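The following report concerns pockets, cysteine pairing and selected local geometry in one protein chain. Please consult the sequence and the coordinates alongside the text.

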Amino acid sequence: VYAEALSQIRAGRDVVMTFGNLDVAGHRWGPHSDRFYQQIVQFDDWCERLVDAFRSLHGRRANVVICSDHGMAAVDQGVHLDLERHFGRPSLETYFYFQDSVMLRVWVKSPTLLREVGDFLAGLQYGELLDAAEREGYGVSSGGFGDLIFFLDEGKVFWPGWYGARFPAGMHGYRPELRSQQAVFAYCGEQIPPPLPTRSREVEGFVRRLIGK
């Protein structure tokens, strides 16, 4: 990706690129590992070379945005949550659920069962059930995202998990206010189209204003 982007820049083209290696290093070796920091150093070097090449051609007209989509927290505990042991096998007539590494979403048909599952999740000691105000703030108030949304506490993952066979050393997807989950946003250019993004979901609008679309 780096080599192709540098080639396209030198040919006078605008480019959009994504590097995924740091995410892989964070999951496999953890955010405090030597491998993670080595990847950061590598990215820092690549970004410097790409930005220098782009600005050498376009000068002050160059608009450069560098951003990440999330942070990374070290994982120290696996949590086994067996909804089916408490509420039976899921079906379209009762309830259904989807469990990723740190978040559980549940869709429930019956108001009685909804209350029972909600009370059960609210009583767990290793995570939190989102309330209506929090869901509105995160932009997931629609029931399409789940009638109930449960977050694990930082540093924990559901295990056994639905994603791969390797227990992760690092994970993201926890509450976005946490320091470990903060993303990076950097911009340089002649004019900054306000407002600057303060949340990841605002980056797209910023870039659209930047390129006039």
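Strand E5 (103-108) and strand E7 (148-152) each contribute at least two residues to the lining of the second largest pocket. Helices (H or I, at least four residues) and strands (E, at least two) are DSSP runs, numbered from the N terminus. A pocket is found on a 1 Å grid over the protein atoms alone, as an open set of points where a 1.4 Å probe fits, with protein on both sides within 12 Å along at least five of seven lines; a cavity is a set from which the probe cannot get out, and lining residues have an atom within 4 Å of a point. The model is predicted: local features need pLDDT of at least 70, side-chain atom pairs count only at pLDDT 80 or more, and totals for chains, interfaces and linings use all residues. Residues are numbered from 1 along each chain as its sequence is written, and side-chain values use heavy atoms, with hydrogens and water left out.

The volume of this second largest pocket is about 900 Å³, where grid points are joined across faces, edges and corners and a volume is the space filled by probe spheres set on the points. Its lining comprises 31 residues, and those nearest the centre are Asp69, Pro176, Arg199, Ser200 and Arg201.

The largest pocket encloses about 1,600 Å³ of space. Among its 40 lining residues, Met17, Val65, Ile66, Cys67 and Ser68 are closest to the centre. Two or more lining residues come from each of helix H2 (21-29), helix H3 (34-58), strand E1 (64-67) and helix H7 (203-211). The greatest contribution is that of H3, with nine residues.

The table sets out the two linings by residue class. Ala, Val, Leu, Ile, Met, Phe, Trp, Tyr, Cys and Pro count as nonpolar, Asp, Glu, Lys and Arg as charged, and the others, Gly among them, as polar.

| Pocket | Nonpolar | Polar | Charged |
|---|---|---|---|
| Largest pocket | 25 residues | nine residues | six residues |
| Second largest pocket | 16 residues | nine residues | six residues |

Met17, one of the residues closest to the centre of the largest pocket, lies in the loop between helix H1 (2-10) and H2. Met17 is partly exposed because its relative accessibility is 28%; buried means under 20% relative accessible area, exposed over 50%, and partly exposed in between (1.4 Å probe, protein chains only). The C-alpha atom of Met17 is separated by 9.8 Å from that of Ile66, although the two residues are 49 apart along the chain.

The structure contains zero disulfides, a disulfide being a pair of cysteine sulfur atoms within 2.5 Å. The sulfur of Cys47 forms no such bond because the closest cysteine sulfur, in Cys67, is 10 Å away, too far for a bond. Cys188 is likewise in no disulfide, its nearest cysteine sulfur being that of Cys47 at 11 Å. Cys188 has a relative accessible area of 23% and is therefore partly exposed.

His172 is placed in the loop between strand E9 (170-171) and strand E10 (185-188). Its side chain makes polar contacts with the side chain of His27 at 3.1 Å and with the side chain of His70 at 3.2 Å. A polar contact is a pair of N or O atoms within 3.5 Å; within protein, one must be able to donate a hydrogen and the other to accept it, and residues adjacent in sequence count only if both atoms are side-chain atoms.

Most peptide bonds are trans. Trp159 and Pro160, however, are joined by a cis peptide bond, with omega about 0°. Pro160 occupies the loop between strand E8 (156-158) and E9 and is exposed, with a relative accessible area of 54%. Pro160 and Ser101 are 59 residues apart in sequence, with a C-alpha to C-alpha distance of 9.4 Å.

Glu128, in strand E6 (residues 127-129), is partly exposed at a relative accessible area of 39%. Pro90, in the loop between helix H4 (83-87) and strand E4 (95-99), is partly exposed at 24%.

How confident is the prediction, in mean pLDDT, across the chain? The chain averages a pLDDT of 93, and 100% of the residues score at least 70, pLDDT being the predictor's confidence in each residue, from 0 to 100. Confidence is lowest in H7, at a mean of 89, and highest in strand E2 (residues 73-74), at 98.
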